[in-house]
Amino acid sequence: MQNFDTMVTEHLAAIPDQMTAMLSEKFKRDTVVAIEHMLPSACVAELHSQASRLLQESATRRDLELEVTGGTPRNYLSVGREAIHAERGAITQFFECDAIRDYLSKITGEPMHRVPYEPEEYIINSQEKSGDTHGWHWDDYTFALIWVVEAPGVMNGGRVEYIADTTWDKADPKSCLEQYIRSREIHSRYVRPGTCYLMRANTTLHRVAPLTGDTRRTVIVFTYASEADLRDGSISHETMEEIYSPELTAA
Ligand SMILES: [Fe+2]
């Protein structure tokens with residue numbers, strides 16, 4: 001799509017400041033905010049058609065329990081950044097669009113940067129059958145924008161669940177995670193297809209609840225770094241390496 005960037009830039013410039021300020025307040029209060037109006041419908045259609053086609057052509061099934069997040073499960077289809085990037089399509093244009101990053105920075109109240117680790121730039125994940133889930137975890141970098149391509153009916157699971165203001169104890173992830181789940185309020189959100197949510201993902205413990213029927217939940221996850229992330233030499237990528245090790249080793 002030749003004019004993706006221009007269309008998005010014009011669309012975002014027309015959003016009233018008052019609406020952006022309201023989203024910003026919600027984000028600061030809840031650490032997660034749904035955004036309904038991010039893209040013009042033609043760009044939404046481009047994103048969805050690329051994601052759906054790549055899922056059919058290039059997806060790999062993941063079924064594992066992840067040690068680094070205390071043994072929580074991952075059961076879904078995924079398409080990694082390399083296969084998506086090779087097409088230079090709408091998903092890549094979305095990630096590289098300055099106007100989108102600038103707009104999201106107004107909501108978070110701080111500069112957002114392209115993540116300095118290519119495998120985490122963007123990825124497509126799709127839970128496709130009953131029981132499929134993306135278990136409890138934190139992200140390596142501060143911000144995640146999750147674009148919802150397909151969502152189950154409201155009674156069929158697949159909701160995003162989260163516990164705000166939490167810290168990933170990598171020395172003992174299992175006890176730390178269990179302690180939070182036992183003692184803290186778990187928020188649960190249904191996010192409509194064609195919209196997205198922005199999350200402070202390195203301090204918000206989160207998961208995709210298991211699907212409760214044979215339905216689908218497909219998302220494109222975009223990762224962005226904060227200023228602090230860029231200066232933080234201790235950020236590591238065990239999660240990506242453990243889930244996607246064959247591809248990353250080959251890359
Ligand atoms: Fe995540």
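Two residues are in contact here if their C-beta atoms, placed from the backbone, lie within 7 Å. Keep that rule at hand during the tour.

**Before you click**

This is a predicted model, in which local features need pLDDT of at least 70 and side-chain atom pairs count only at pLDDT 80 or more, while totals for chains, interfaces and linings use all residues. Residues are numbered from 1 along each chain as its sequence is written.

**Stop 1: the whole protein**

Start with everything shown as a cartoon. The protein has nine helices and twelve strands; helices (H or I, at least four residues) and strands (E, at least two) are DSSP runs, numbered from the N terminus. The radius of gyration is 17 Å, close to the 18 Å that the globule rule gives for 251 residues, so the protein is as compact as a globular protein of that length. That radius is taken over C-alpha atoms, and the globule rule is 2.2 Å times the number of residues to the power 0.38. Turn the model around: the C-alpha trace spans about 45 × 40 × 40 Å along its principal axes.

Buried residues make up 40% of the 251 residues. A residue is buried if 20 or more other C-beta atoms lie within 10 Å of its own, exposed if 12 or fewer, and partly exposed in between, with C-beta atoms placed from the backbone. Among contacts with a separation of 6 or more, 86% are between residues 24 or more positions apart.

**Stop 2: helix α1**

Select residues 4-13, which form helix α1. Which residues of α1 are buried? They are Phe4, Val8 and Leu12. Seen down the axis of α1, these buried residues fall within an arc of 50 degrees, so they line one face of the helix; the arc is that of the directions from the helix axis to the C-beta atoms. An α-helix has 3.6 residues a turn, so residues three or four places apart point the same way. On the other side of α1, colour Thr6, Glu10 and Ala13, which are exposed. Now add α3 (41-58), α5 (90-96) and α6, against which the buried residues of α1 pack.

**Stop 3: helix α6 and its partners**

Next select residues 98-108, helix α6. Its buried residues are Ile100, Tyr103, Leu104, Ile107 and Thr108. They cover an arc of only 140 degrees around the axis, which puts them on the same side of α6. The elements they pack against are α1, α2, β1, α5, β7 and β10 (196-200).

Look at α1 and α6 together. Their axes come within 8 Å and cross at roughly 25 degrees, and that makes α1 roughly parallel to α6. Axes are lines fitted to C-alpha atoms, for helices over the stretch in contact, and angles run from 0 to 180 degrees between N-to-C directions. Angles under 35 degrees count as roughly parallel, over 145 as roughly antiparallel, 65 to 115 as roughly perpendicular and the rest as oblique. Show side chains for Val8, Thr9 and Leu12 in α1, which meet Ala99, Ile100 and Tyr103 in α6.

Now swap α1 for α2, residues 17-30. The axes of α2 and α6 come within 7 Å and cross at roughly 60 degrees, and the two helices are therefore oblique to each other. Thr20, Leu23, Ser24 and Phe27 of α2 make the contact with Lys106, Ile107 and Thr108 of α6.

Just after α6, click on Gly109, with its positive phi of about 80 degrees.

**Stop 4: two loop residues**

Most residues other than glycine have a negative phi, and most peptide bonds are trans. Thr31 is not a glycine, yet its phi is positive, near 65 degrees. Find Thr31 in the loop between α2 and β1 (32-35). Is Thr31 buried or exposed? With 21 C-beta neighbours inside 10 Å, Thr31 counts as buried.

Asp165, also not a glycine, has a positive phi of about 50 degrees. Look for Asp165 in the loop between β8 (160-163) and α7 (173-183). Asp165 has 11 C-beta neighbours inside 10 Å and counts as exposed.

**Stop 5: two strand residues**

Select Trp147 in strand β7 (residues 143-150). Trp147 is buried, with 26 other C-beta atoms within 10 Å. Leaving out residues up to four places away in sequence, Trp147 touches Leu47, Cys196, Val219 and Ile220.

Finish at Arg207 in strand β11 (residues 205-208). Arg207 is buried, with 21 other C-beta atoms within 10 Å. Outside its neighbours within four places in sequence, Arg207 has contacts that include His134, Trp136 and Glu161.
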